[in-house]
Amino acid sequence: LILMIVVVIVGSATYINAYGQEHWEEFATQDYFDENGFFVSVVISLPLLLLSVLILFQLLLNTMDLLVKVKVAELKQNKKKKQ
């Protein structure tokens, strides 16, 4: 769920940048929102993408750990059946 929310936010970064470019006077003293969206990319998208990579890495580690546990249990069960 968190990963999906992050993907939606990063995917809508161009719209966030466009909104910020039009309304920056309402909440800032300087216009940080350029046409390329560098500010939004650095402040919003980059941290969220790093978080997504960490989440995926953790899921991969959990999957590997579970796979090892299942395989060890399978080998133990096969050993008991042979005896």
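Is Tyr-32 buried, partly exposed or exposed, and at what relative accessibility?

**Exercise 1. Classify Tyr-32 and the rings around it.**

Before starting, note that this is a predicted model, in which local features need pLDDT of at least 70 and side-chain atom pairs count only at pLDDT 80 or more, while totals for chains, interfaces and linings use all residues. Residues are numbered from 1 along each chain as its sequence is written, and side-chain values use heavy atoms, with hydrogens and water left out.

Step 1. The classes are buried (under 20% relative accessible area), exposed (over 50%) and partly exposed in between, computed with a 1.4 Å probe on protein chains only. Tyr-32, at 39% relative accessibility, is therefore partly exposed.

Step 2. Phe-39 has a relative accessibility of 28% and so is partly exposed, whereas Phe-33, at 9%, counts as buried.

**Exercise 2. Count the aromatic pairs and describe the geometry of those that involve Phe-39 with Tyr-32 and with Phe-33.**

Step 1. Rings of Phe, Tyr and Trp (its six-membered ring) pair if their centres lie within 6.5 Å, and the planes make a pair stacked when under 30 degrees apart, edge-to-face when over 60, and tilted for the rest. This rule gives three aromatic pairs.

Step 2. One of them joins Tyr-32 and Phe-39, which are stacked, with 5.0 Å from centre to centre and 20 degrees between the planes.

Step 3. For Phe-33 and Phe-39 the centres are 5.4 Å apart and the planes stand at 85 degrees, so this pair is edge-to-face.

Step 4. Taken together, ring pairs connect Phe-27, Tyr-32, Phe-33 and Phe-39 in a cluster.

**Exercise 3. Find the salt bridges and place their partners along the helix.**

Step 1. Opposite charges on side chains can pair when the charged atoms come close. The criterion for a salt bridge is a side-chain nitrogen of Lys or Arg within 4 Å of a carboxyl oxygen of Asp or Glu, and the structure contains two.

Step 2. Asp-65 and Lys-69 form a salt bridge with an N to O distance of 3.4 Å. Because these two residues are four residues apart in helix α3 (residues 38-82), about one helical turn separates them; helices are DSSP runs (H or I, at least four residues), numbered from the N terminus. Asp-65 is partly exposed at 40%, whereas Lys-69 is exposed at 53%.

Step 3. Glu-74 and Lys-71 meet in a salt bridge at 3.5 Å, N to O, and they lie three residues apart in helix α3, about one turn of the helix. Glu-74 is partly exposed at 33%, and Lys-71 is partly exposed at 42%.
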